[in-house]
Amino acid sequence: MGAISDHCLFCRIIAGGIPSRRSYEDDRVVAFADIKPAAPVHLLVVPRRHLASLADVTDGDRDLIAHLVLVASRLGQATCPGGWRLVVNVGQEGGQTVDHLHVHLMGGRQLGALG
Ligand code: AMP
Ligand code: ZN
């Protein structure tokens with residue numbers, strides 16, 4: 001395990017060192033329940049590879065990002081048939097608190113306007 005994995009919360013969750021409620025995983029992404037859910041369904045879909053944020057994504061990450069969004073969409077359809085929301089917080093002002101790229105999947109109730 002490298003230095004980033006040792007210090008990154010989500011890398012540790014992906015590696016299994018910190019427990020989580022996983023709902024999906026494959027060779028490139030993992031989805032697990034947010035510890036402080038903002039909706040009845042609140043999953044975090046994350047790439048296994050450490051990418052600090054969406055601002056760090058490059059052309060070489062196209063396939064991974066497409067897969068991440070596709071998995072999030074499939075999970076949304078499966079868990080929130082009435083509709084769902086995907087959110088990616090980027091940087092401090094964007095509300096990002098964990099510096100490992102993640103997509104929030106929220107649903108299971110009527111969601112309000114974005115604030
Ligand atoms: P963000 O604010 O976009 O960086 O989202 C980080 C999310 O990680 C928050 O919604 C937290 O509730 C969630 N979180 C923090 N620690 C854990 C954990 N150990 N397991 C699951 N989710 C977590
Ligand atoms: Zn990480």
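**Close-up views of a predicted model**

**View 1. The loop between α2 and β1, with R21.** R21 is found in the loop that runs between α2 and β1 (22-25), in a model that is predicted. With a relative accessibility of 65%, R21 counts as exposed, because the cut-off for that class is over 50%. A second residue to mark in this view is L75, which is 54 residues from R21 along the chain, with the C-alpha atoms of the two separated by 14 Å.

**View 2. The surroundings of ligand 1.** The shell around ligand 1 holds 16 residues, and of these D34, N89, T97, H102 and H104 come nearest. By residue class, the shell divides into 8 nonpolar, 6 polar and 2 charged residues. The space that ligand 1 takes is the largest pocket, and the elements that give two or more residues to the shell are α2 (9-15) and β2 (29-33). Helix α2 supplies the largest share of that shell, namely 3 residues.

**View 3. Polar contacts of ligand 1.** Oxygen atoms of ligand 1 are approached from side chains as well as from the backbone, as the following pairs show. In the side chain of N89, an N or O atom is 2.8 Å from an oxygen atom of ligand 1. For H104, a polar side-chain atom lies 2.8 Å from an oxygen atom of the ligand, whereas for G95 the atom concerned is a backbone N or O atom, placed 2.9 Å from an oxygen atom of ligand 1. Taken alone, ligand 1 exposes 510 Å², and the protein buries 83% of that area.

**View 4. Two histidines in the loop between β4 and β5.** H100 has its place in the loop between β4 (84-87) and β5 (103-107), and H102 is found in the loop between β4 and β5 as well. The relative accessible area of H100 is 0%, so this residue is classed as buried; H102, with a relative accessible area of 5%, is likewise buried, since the limit for that class is under 20%. The side chain of H100 reaches the backbone oxygen of P47 at 2.8 Å. In turn, the backbone oxygen of H100 lies 2.6 Å from a polar atom in the side chain of H102, and H102 is itself one of the residues that come nearest to ligand 1.

**View 5. F10 in helix α2.** F10 lies in helix α2, the element from which the largest share of the shell around ligand 1 comes. The relative accessibility of F10 is 5%, and therefore F10 counts as buried. For orientation along the chain, F10 and G83 are 73 residues apart in sequence, while their C-alpha atoms are 26 Å apart in space.

**View 6. W84 in strand β4.** W84 is found in strand β4, which spans residues 84-87. A relative accessible area of 32% makes W84 partly exposed, because this value falls between the limits of 20% for buried and 50% for exposed residues. W84 and R12 are 72 residues apart in sequence, and from C-alpha to C-alpha they are 27 Å apart in space.

Conventions
Residues numbered from 1 in each chain as written. Chains lettered and ligands numbered in written order. Predicted model: local features only at pLDDT ≥ 70, side-chain atom pairs only at ≥ 80, totals over all residues. Heavy atoms only, no water. Near = heavy atom within 4 Å. Polar contact = N/O pair within 3.5 Å; in protein donor to acceptor, adjacent residues only side chain to side chain. Areas by Shrake-Rupley, 256 points an atom, 1.4 Å probe, with all protein chains shown as cover. 1 Å grid on protein atoms, 1.4 Å probe; cavity = no way out; pocket = protein on both sides within 12 Å on 5 of 7 lines; lining within 4 Å. Sits in = over half its atoms within 2 Å of the grid points. Helix = DSSP H or I, 4+ residues; strand = E, 2+ residues; numbered from the N terminus. Nonpolar A, V, L, I, M, F, W, Y, C, P; charged D, E, K, R; others polar. Buried < 20%, exposed > 50% of the residue type's maximum accessible area, 1.4 Å probe, protein only.
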